[in-house]
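Colleague: I should like to go through this structure step by step. May we begin once it is displayed?

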Amino acid sequence: MNVGFIGLGIMGQPMALNLVKGGHTLAVYGRRAETVQPLEANGATACGSPRDVAAKSEITIVMVSDTPDVEQVILGENGVIHGARPGSVVVDMSTISPSATRAMAKKLAEKGIEMVDAPVSGGDIGAIQGTLSIMVGGKPEVFERVKPVLECVGKTIVHIGPNGAGQVAKACNQIVAGVTIQAVAEALTLARASGVDAGKVRDALLGGFAYSRILEVHGKRMLDRVYKPGFKAKLHQKDMAIVLREAHQLGLALPAAALVAQQFNAMVGAGEAELDNSGIIRVLERAAGRGMVEA
Amino acid sequence: MNVGFIGLGAMGRPMALHLLKGGHPLGVYARRPESARPLEEAGAKAYGSPAELAAACDAVFTIVTTTRDVEQVVLGERGIAEGARPGTVVVVMSTIDPAASRRIAEELERRGVEMLDAPVSGGEIGAMAGTLSIMVGGKPEVFERIRPLLECMGKTIVRIGESGAGQVAKMCTQLAIVATLQGIAEAVTLANAAGVDASKVLDALEKGAAASHLLELMGRRMVNRDFAPGVEARLHHKDAQLVLECARDAGLALPLAALATQTFNALMARGGGKLDSSAIVTVVEAAAGRR
């Protein structure tokens, strides 16, 4: 199938490569030339704009950072909407606002263009291995059309509901991930502050009711004090802001999510935007002034 | 000086009337003509668009609700920017995002039009009494030109700093207010839940270290279940979210502001948007299944 791919960053590049490997004919667009070259070397066609990508594609995948970026790529000057043919599908795999997603799907539908939101979970490792978890919002029949393509980049692919539902699922994912990371950070900080071996505490917890993948993976990073991303703090900060805006619009109190968003704000303010989100533990350590940060 | 006023709601109407009383020829614009009528009866002239109004004025005040409303009124089709002459001053008295405020000011500056951000504190009572507290951002010389007009509407008028600084000060105000309201609501709920006369607790608190204007005013409303606004909760709800966006932009953890915002979110869902903000006490109660 002729597939377009826009956004060739840490996530997008390996995903696009997996699509090439899956036998699809790829047209790509990336803002920076160096991100496009590896795809060209593998047979993809580089295009000058999202519009040109969409004109060549039955399915156009978008994987950029934030809501304004997606709006620019899809609706902006030389955007996808100006090139895509009626009946073609736009698959937005970025993590953005559910309400903005619904608005874009409506604008595309006016031109006969289908859209699904398909944000992912699983990080750069999942993107490289092609094992992402993909949460999809859109019409069932459109989901069935894009599913074989998504199967090149992901393992768990779930149709959640209509447009925006995938983004809602992703927001839920980010609440659970964010709050759990904070909980693990607080637990390990309590252990250390009490003079107890935090590594042994983690070992014990891993065998019990508090087991989680985050305790295992992020807990280890906190113990080792190695905060190489992974998933950057600034991106989790962005996602928590999406969560809080939805809560604000819906009239919903999400107190734990609201607090975790503040911790990510503090990381970014402390110059730790590019660290892994497990670095959230440093905010606790600094606040307590225990000199544990460098300990 | 020919003065214009846009946004004739609960705050704007009494503020505009004060400008008239101060002896300033006043032009007004309102989306709904009936909102302009009380002003016309008092001697103001109504215009068909912000652009037409601005063309006839040396200074144009606006106090519409959201950032988007301000952008529409100032930069939108037939907005102030289309009609204003170079040297005209636009005074934005709405509470909006400081970053957006700076953007709008820059856009006007390119056209030679001056702008002050001048959000207010003091509510409808302050607007009617002409005793608002006004926090101003913008050039000192523009502030001095506009100051006599602001004095018609407010008592405490402080230039905080450059463009956007007034909005930052307002964010600080709203942060302190919503966080304090949450504390007062929790204190009143604790008193009630513990079977103690909350009114007597307030009597004691008002004389002690926890005394504050908000405790007296809003604490009493919570105890008396008198939720007639006042300041409508939907406005604090809007501003609290602006505070969180500022915290994000600044890379700052503001945990209390974040929690208080959630309480206001819940009050909206309970249909309390047009109640006084003291109604957040009902959210604290409802969470524990009380009342």
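Modeller: Two residues are in contact if their C-beta atoms, placed from the backbone, lie within 7 Å. Please bear in mind that this is a predicted model.

Colleague: Leaving aside neighbours within four places in sequence, with which residues is B:Val90 in contact?

Modeller: B:Val90 belongs to the largest nonpolar core, where B:Val90, A:Val28 and B:Ala257 touch the most other members. Once its neighbours within four places in sequence are set aside, its contacts are B:Val60, B:Val74, B:Ile80, B:Ala84, B:Leu108, B:Val113 and B:Met115.

Colleague: Which helix gives the most to the largest nonpolar core?

Modeller: The core in question has 185 residues. With 13 residues, the element that gives the most to this core is helix α9 (residues 165-193) of chain B.

Colleague: In chain A, what is the handedness of the crossover from β5(A) to β6(A)?

Modeller: Strand β5 (residues 89-92) of chain A and β6(A) run parallel and are joined by 4 bridges. One bridge pairs A:Val89 with A:Glu114. Between the two strands the chain passes through helix α5 (residues 98-110) of chain A, and this β-α-β crossover is right-handed.

Colleague: Are the residues on the two faces of strand β6 (residues 114-117) of chain A buried or exposed?

Modeller: One side carries A:Glu114 and A:Val116, and the other carries A:Met115 and A:Asp117. Both faces are covered, and these four residues are all buried.

Colleague: Which elements are included in what covers the buried residues of α13(A)?

Modeller: In helix α13 (residues 281-288) of chain A, the buried residues are A:Ile281, A:Arg282, A:Val283, A:Leu284 and A:Glu285. Their cover includes, from chain A, α8 (165-193), α10 (213-224) and α12 (255-269).

Note on methods: Residues numbered from 1 in each chain as written. Chains lettered and ligands numbered in written order. Predicted model: local features only at pLDDT ≥ 70, side-chain atom pairs only at ≥ 80, totals over all residues. Core = buried A, V, L, I, M, F, W, Y, C linked by C-beta atoms within 7 Å. Buried ≥ 20, exposed ≤ 12 C-beta atoms within 10 Å, placed from the backbone. Pairing = 2+ DSSP bridges. Right-handed = clockwise from strand over helix to strand, strands pointing away.
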